Amino acid sequence: MVLQFIVNGLCAGALFGLAALGLSLIYNVTRVFHFAHGAVYATAAYLLLFFVTKASVSIVPAAALAVALAALFGLLIDKAFYLPLADKKSGGTASILTSLGLYIVVINILALIFGNETKILRSGIEKTFEIGTVIVTRVQVAQLVAFLVLFLATELLLKFSRYGRLIRAVSDNGNLAEALGLEIKKARALAFAYGSGLAAVAACLAAVDVGIDPYIGMPITLIAAVAMIFGGIRVFGAAALGGLIIGVVQNLVVWQTSAKWQAAATFVILLAVLIFKPQGLLTPKKRLEES
Amino acid sequence: MLELNNINKRFGGLKAVDDVSLYFTERKISALIGPNGAGKTTIFNIISGFIRPDGGTMLFRSKPLDGLPAWKVASTGIGRMFQDNRVFGKLTCLENVLLAKNGNPGESPLGPFFSSGKVRDFERRNAEEASKWLAFVGLGDKKYAPAENLSYGQQKLLSFARLMADGRELLLLDEPTAGVNPAMIGEILALIKKIVKEAGKTVVIIEHNMSVILEIADFVYFMDDGRVETFGAPKDVLADERVREAYTGL
Amino acid sequence: MNYVLHILVMIEIYLILGLSLNLLLGYGGLFSLAHAAFYGVGAYISALLMVNFGFNFFLALPVAVIGCMLLALLVALPSLRLKGDYFMLATLAFQTLVFTILYNWVPVTRGPYGVSGIPQPQLAGFKVAEVWQFAILGAVFAAAAVALFRKLYASPYGRVLKAIRDDELLAVSLGKNTTRFKVTAFMISGGVAALPGALFAAYVSYIDPTSFTLDESIFVVTLIVVGGAGNLKGPIIGAFIVLLIPECLRFLNIPDTVAPNVRQIIYGALIVMMMRLRPRGIMGDYGFD
C-alpha cells in the first residue's frame, strides 16, 4: 500500500524535480528569484493545450513545440526585464518584484484567453501498467522517464560540455564572473532557455496527467524553490533530487493524514531547512566566514 | 584599556591569527602595521565581535569581551571605522552622525510615545552636536544631502564627523587615510590627535602609510603572517630590518 | 453614495495595511510576504471571539492585536536569521502555513466554510451598522495608524531601521542591536495589521481564508510599490490609487467576468513599470534596488 504512495510520489516528484532543476540553473547563474518561472510553466501547458485542441497537432510534436516556445519565452523575459535591472547595482528586490509582476500579468492574460477553469487535454481512461502491487499510468511512466533522461543529460552537459562549464563557472564566481571575462550574457541565455525548457517539459506532462488552470504556476515555483534549497542551491543536481523527495513526502503525508495537509508539509520542510541547515542537505558543509 | 591574549584564528587551512597578544594603552594612539594578509583586519573583526577567535581571551577595561555579540561590543565602548569606508547612503549626512550616539531613548519603539520629552531633549542635543561636527569637517552645507551623493573624500570626512560624535572610548580605525588626497590627510591626522587629547579617547589604527605612523602613533605593533613580529616606539619598529623587508618586498 | 463609502472603508483598511508593512519593507528593508497572514489572523481572532464567546468588538480588538504580535514574534525569530531571498521565502512559507491552518483546522477556524454571523461593533449604545458608520470607524482607525506611524517613522527608532536597511553591519558597529530592532518592527507591523483585520471581519460579517492568501500579501506589497516606500505619504497614496483603479475600469465597461483578471494585469504591469521607471513609487522616499 505504502509502495503505491511512494511511486505516486516519485512520479509527481519527477515533475517537481524538473521544474526545480530549471529554477536552480536560473537562480545560480543570475541570483534572481524567478517567480515568473511559474508563468513560463503555465504558458507551456497552455501552448500544448492550444496546439492539441485548436490546431489538431498530435501530442508529441505539440509538446516539443510548446517546450521550444516556452524556452524562448523564458529567454525573452530575461533579456527584456531582468537584464536591464542587472546593470544597475542591484540588491535584487527590484528584480524579484519585477518577476512577481510579470507572473501576475502573464497568468491573467492566460486566464483571459483560455478562461479561469481547469481544462483537461483529453478525456478517457488512461492506460495503466501493473508492477507487482503498484499501478502506474502511462503518463506517470513518461514522467519518470523524462526525469531520468533529462536529469542525466543535464548532469552530463554541466560536467562535460563547454556551455556546462561556462554555467558552472558563472555560478561559482558570481560578482567576479565579469572581471574574470566570463561570457555572462551567454550563460544567462543558456540558463534561461534550458531552465525554462525543463519547466515546460514538466508542465506538458502535468497537463496531460491532471489538466491545467492558470494558477498552477506559483505552487510549482514554490515547490521548486523548496526543492532547490532543500537539496542545496549550489549543487545543481540536488534540486532535482529535492523535487523527488518532496513528491514522496507529500504523498506520504496524504497517505498518513489527508490531501489537505500536502502543501503544509512542503512548507514545514522549507522552514525546517532554512532554520537548521540553510545550505541544504546535500551541500558539503562549508565554513561560513562572517563579514 | 584593551588587552588581547593569545588570540588564534584559523580559516580553513589558513592560520590568519597565530598566538597574538596585544595591549592598547588608554589615551594613546596604537598602530598595527604589516603587509596585506598579515591578519590586522582580522584582529579588528575579532575585537569588534564579527569573528569568533578559536582561542585566547580579550579584556576591555578589565572586563572580558569574549563571546559578546558585535552590537554589544560596540555599545560597550568600542567604535569602528572600516577599510571600505561605510556610510548610510540613503540617509542624510546629519542622520548619519545622529546615529553615532548610543543610549538614545528615542531608539526604543516605545520611546517616542512614552518619553517624548526625554527623546526631544536628547535629539536636540544630538542634533546640535552633530551639526557642530559636520561643520567642523567642512560638511556643514551638506547636512541634509543624502550621503550617497557625496564624493569618496567627503564620505570619509562624514565618517570622521560620525567618529567625533561617537560616544565610544576606544576607536578602531582601519586605514583611515586610504584613498584620501594628501592635502586632507593632515586634517584627518589633526582630528585623530584631537579626539585623543581633548576627548580622552583611545585609538588603534591600521595603516600602510609610514609617515602617518611616524606622525601620530605612540606605539606600533608589526604583524606578518598572522604573528606579531615586533613592537615598540614607531621609530624603533620602522627601523627594524624585518619591517623594512616586508615593506620594500611589497 | 453607499458605494463611494464602501470604497472609502476599503481604502482605510488597505491604508493601515500599507503603513504597517511599510515599517518592515520601506524602513527596515525587509521583504515580507506574510502580511496577509497577520491581517487574516487579526480578522479571525476578533471574529471567533465575537461569534463564539460574545466578545464586544472593542474588547476583541486588543486581543487580536496581541495575538498578531505574538504570531509576528514567532515568524520573526527564525526568519530574521536568514538573509535576502531566504528571508523572503521564509515569510512566504509562514504565509502559506497560516493560510493552510486557517483553511484546514476546521474545528477551530471552520475551514473553508468560514466564520459567519460576525456581529457589528457597538459601544455604549452606539452601533456601527451602516456603511457611513463603518467609514467613520475606519477613518478613526486610519487616523490612529497615521498618527502612530508618523511618530514612529520620524523617530530615532525609524532612523535606525533605515540605517539597518542601508548597511546592517555599519549599524551593528554603532552599537545597535539590529535583531531587536527588526523583531520589534515585525511585531508592530503585525500587531497593527490586526486592526484592519477586525474591521474587515465586522464590516463584511463573514470571513473565510480565501481573503488572506499570498495574493493578498502581494497586493499590499503592490500598493507600497505603486505609492512609494520609506515615508508616510507613499502607502497612503498607494492605497488610494490601487483601490480606485478598479473603479476606473468600471467606466470602461469591462465585463464583470473579465474584470478581476484585467485588474490583476494592471497591478502586475504597474509593479513591472515601477521597478523599471520609478523604483521609489509615486511619492516614496526609498527606491527598491
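Me: What counts as a nonpolar core here?
Reply: Buried Ala, Val, Leu, Ile, Met, Phe, Trp, Tyr and Cys residues are grouped when joined through side-chain atoms within 4.5 Å, and such a set is a nonpolar core. Buried is under 20% relative accessible area, exposed over 50%, partly exposed in between (1.4 Å probe, protein chains only). This is a predicted model, where local features need pLDDT of at least 70 and side-chain atom pairs count only at pLDDT 80 or more, while totals for chains, interfaces and linings use all residues. Residues are numbered from 1 along each chain, chains are lettered from A as written, and side-chain values use heavy atoms, without hydrogens or water.

Me: Which helix gives the largest share of the largest nonpolar core?
Reply: That core has 216 residues, with Phe33(A), Phe35(A), Tyr14(C), Phe149(C) and Ile207(C) having the most contacts inside it. Helices here are DSSP runs (H or I, at least four residues), and strands are E runs of at least two, numbered from the N terminus. The largest share, 16 residues, is from residues 2-27 of chain C, helix α1.

Me: How many residues are in the second, separate core?
Reply: Look at chain B, where Trp133(B), Leu158(B), Met184(B) and Ala217(B) are among its members. The count for this core is 48 residues.

Me: Which residue is the bridge partner of Phe60(B)?
Reply: Strands β4 (residues 55-60) and β5 (residues 63-64) of chain B pair antiparallel over 2 bridges, and pairing takes at least two DSSP bridges. In their hairpin, Arg61(B) has a positive phi near 50°. Over in β5(B), the partner of Phe60(B) is Lys63(B).
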